[in-house]
Structures are given as structure tokens and as C-alpha cells.
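Please open the model in your viewer and keep the selection tool at hand, since each stop on this tour begins with something to select.

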Amino acid sequence: MASALIKSRIHSALRGGAFKRTFSSSSHHDEAREAAKWEKITYVGIITCTILTIFNLSKGHPHYEEPPPYPYLHIRNKEFPWGPDGLFEKKHH
């Protein structure tokens, strides 16, 4: 069976007809057009995200006043191993 297939391919090549394998998918022209479309969509997406990022970062953010020092906050019965303040608190020393 395989030898018959090989003989038919060689025979068609010798007759001057080039062997062309056809697939069930679309032609190469459609694939190139589809790739170009998604490339353009990607570039538009990159530009849009860049513009939105610049806009959001340029607005700034509100700065709030510090809350009043309530006596029940930050109760320390013993010191931390790394010092008197917490790791992520402002140092008042």
C-alpha cells in the first residue's frame, strides 16, 4: 500500500506535475490577512493601555490627614524583637 503511494507520487513528479498537498484549512492569503488583523489589534491594545496608564498615574491620589492618636490604638505590652515600633510604622524617635 505504501509503495503504491510512493510510486504514484514519483510518477506524477516525473510527468511534470508537481505534487501539491491540499489541506482543509483556508488559503495562505486568508491566514496572512488574519495575522495582520490581530497584529493591528495588538498594537491598538498596547497604545490604549499605555494611554490609560499614563492618565491614571498622572491624576495623583488624595492625601488624608493623620487620624487622632486614640489611646486604645497601638497598645504595646512588650517590645517587638526588632525594636519599639512596628515594622511598617513611622518612627517617632
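Begin by selecting Y72, which counts as exposed at 56% relative accessibility, where exposed means over 50% relative accessible area, buried under 20% and partly exposed in between, with a 1.4 Å probe and protein chains only. This is a predicted model, in which local features need pLDDT of at least 70 and side-chain atom pairs count only at pLDDT 80 or more, while totals for chains, interfaces and linings use all residues. Residues are numbered from 1 along each chain as its sequence is written, and side-chain values use heavy atoms, with hydrogens and water left out.

Now add Y70 to the selection, a residue that is partly exposed with a relative accessible area of 40%. A search of the whole structure finds one aromatic pair. Y70 and Y72 form this pair, which is stacked, at 5.5 Å centre to centre and 20° between the planes; rings of Phe, Tyr and Trp (its six-membered ring) pair if their centres lie within 6.5 Å, and planes under 30 degrees apart count as stacked, over 60 as edge-to-face and the rest as tilted.

Extend the selection to L73 and I75, and you have the nonpolar surface patch that these residues form with Y70 and Y72, with about 450 Å² of accessible area together. Such a patch is made of residues with over 30% relative accessible area and no salt bridge, nonpolar side chains (Val, Leu, Ile, Met, Phe, Trp, Tyr) being joined within 5 Å and like charges within 9 Å. L73 lies in the segment after α2 (28–59) and is partly exposed, at 40% relative accessible area.

Move next to helix α2 and select D30 with R33, which form a salt bridge whose closest N and O atoms are 2.7 Å apart; the term requires a side-chain nitrogen of Lys or Arg within 4 Å of a carboxyl oxygen of Asp or Glu. Why are D30 and R33 separated by about one helical turn? The reason is that they are three residues apart in helix α2.

Then select K37 and E34, whose side chains meet in a salt bridge at 3.1 Å, N to O. K37 is partly exposed at 39% relative accessibility, and E34 is partly exposed with a relative accessible area of 37%. By this rule the count comes to two salt bridges.

Finally, select the whole chain, which has two helices and zero strands, these being DSSP runs numbered from the N terminus (helices H or I, at least four residues; strands E, at least two). Of its 93 residues, 4% count as buried.

Definitions and conventions
Areas by Shrake-Rupley, 256 points an atom, 1.4 Å probe, with all protein chains shown as cover.
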